[in-house]
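User: Hi! I'm new to this one and would love a friendly walk through it. Could you show it to me first?
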Amino acid sequence: AYLIEYLDRSIKSTSDVERVFNYPVIGYLSMMSENGNNATYVLSHPTSVVTESFRLLQSNLEFFQAYNSAKTILITSPMQGNGKTTIAVNLAISLAMSGQKTILVDSDLRRPAVHAAFGVDKSPGLSDIIRSKKKPAEVVRSMDGTRVDVITAGNVPSNVTEVVGSKRIAEILSGLNDDFETIIVDAPPLVISDSYN
C-alpha cells in the first residue's frame, strides 16, 4: 500500500497542486448545483457557499494585485466542458459587485459561451476588433444588474487560428488596461492550439 501511494503522481489536493507547480493556490471553488443558470450563480445565490468561495477568491486576487501590477486574469481549462466560462463569468460578476471596474472578454472564438451566459447576441465582438472592423469601445456592453462590461466573441471567422495568431489580442487587452481595473479573459481550453497564441 505504501509503494502504491509513493508511486501515485496524480494530483488530489491543493497541497499536491502547490507541490507540483510550485505556485500557491489562491482559491478553491465548491461544486454548483445542476439546476438553474450556473453561469450567473453568484447573482441568483448571493448567500451560498459557492458565492462565498468566489468572494474569497476575489479577496485573494485583490491581495495579489496589491503586490503585482498584473490586471489581466486568463481562465482556461484542460478540455471543453470543465466550467471555465462559468468560473470566468461568476468571477467577473463578483469582482464588479465589489466595486472593481471589470471587463470580461470572450476569446474562445471556436466555442464562445459568454454571450449565452448573459443572454445577449455574440456579435459584434472580439473577432470584429481583431479584423479591424470595430473599435473596442464600439463592442463593449454593460450587463444590467451585474456592473460587468463584456466583449463577446463576435462572429466566428472561418480561419480562427489565423485570426487569433495575429497577436492582435495582446494589443487589444493592453488597450483595455487604461479603462479597467481587472480584465477577465475566457480563453479556449488547452487542448486547442488557439490558447497558446
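**Strands, helices and cores**

Analyst: Let's start with one pair of residues: I75 stands opposite D186 in β5. Please keep in mind that this is a predicted model.

User: How many bridges join β1 to β5, and do they run parallel or antiparallel?

Analyst: There are 4 bridges between β1 and β5, and the two run parallel.

User: What order do the strands of the sheet come in?

Analyst: The order is β1-β5-β2-β4-β3, in an open sheet of 5 strands with mixed pairing. β1 (72–75) and β3 (141–143) stand at the edges with a single partner strand each, so one side of each has no neighbour in the sheet. On average, neighbouring strands are turned by 25° against each other, direction ignored.

User: Which residues of β1 are on its covered face, and which on the uncovered one?

Analyst: I73 and I75 make up the covered face of β1, while T72 and L74 are on the uncovered one. That fits a general pattern: in a regular strand, side chains alternate between the two faces of the sheet.

User: And β4, what is buried on its two faces?

Analyst: Both faces of β4 are covered, with V148 and V150 buried on one side and D149 and I151 buried on the other.

User: What does β4 pair with?

Analyst: β4 (residues 148–151) pairs with β3 in the antiparallel sense, over 3 bridges. In that pairing, R141 stands opposite V150. β4 is also joined to β2 by 3 bridges, and those two run parallel. There, I103 of the pairing is found opposite D149 in β4.

User: How many residues lie between β3 and β4 in the hairpin?

Analyst: The hairpin has 4 residues between β3 and β4, and G145 in the turn has a positive phi of about 80°.

User: Switching to helices now. Which strands does α5 lie across?

Analyst: Helix α5 (residues 84–97) lies across β1, β2 (102–106), β4 and β5 (182–186), and runs at about 165° to β5.

User: Does α5 have a part in the core too? What share comes from it?

Analyst: α5 gives the largest share of the largest nonpolar core, 7 residues. That core has 25 residues, and those with the most contacts inside it are V89, L91, L104, F118, V148, V150 and I184. At least two residues of the core come from each of α3 (41–44), α4 (49–66), β1, α5, α6 (114–118) and β4.

User: What does L104 touch?

Analyst: Leaving out residues up to four places away in sequence, L104 touches A88, V89, A92, V114, F118, V148, D149, V150, I151 and I184.

User: Where else is there a core?

Analyst: There is a second, separate core of 16 residues, which includes L126, I130, L173 and V185. As a general tendency, nonpolar side chains in soluble globular proteins are buried together.

User: Which residues of α10 are buried?

Analyst: In helix α10 (residues 168–176), the buried residues are I169, I172, L173 and L176. They cover an arc of only 95° around the axis, so they sit on the same side of α10. The general reason is that an α-helix has 3.6 residues a turn, so residues three or four places apart point the same way.

User: Now a couple of single residues. Is H115 buried or exposed?

Analyst: H115 counts as buried because its relative accessibility is 16%, below the 20% cut-off. H115 lies in helix α6. With residues up to four places away in sequence not counted, H115 touches D106, V120, D121, K122 and T152.

User: And G81, buried or exposed?

Analyst: G81 counts as exposed, at 75% relative accessibility. Its place is in the loop between β1 and α5. The C-alpha atoms of G81 and P189 are separated by 9.0 Å, with the two residues 108 apart along the chain.

User: Last topic, the whole protein. How many helices and strands are there?

Analyst: The protein has 10 helices and 5 strands. Of its 197 residues, 41% count as buried. Among contacts between residues at least 6 apart in sequence, 71% join residues at least 24 apart. The protein exposes about 11,200 Å², and carbon and sulfur atoms supply 55% of that.

Technical notes. Residues numbered from 1 in each chain as written. Predicted model: local features only at pLDDT ≥ 70, side-chain atom pairs only at ≥ 80, totals over all residues. Heavy atoms only, no water. Pairing = 2+ DSSP bridges. Axes fitted to C-alpha atoms, helices over the stretch in contact; angles between N-to-C directions. Contact = heavy atoms within 4.5 Å. Buried < 20%, exposed > 50% of the residue type's maximum accessible area, 1.4 Å probe, protein only. Arc of directions from axis to C-beta. Core = buried A, V, L, I, M, F, W, Y, C linked by side-chain atoms within 4.5 Å. Areas by Shrake-Rupley, 256 points an atom, 1.4 Å probe, with all protein chains shown as cover.
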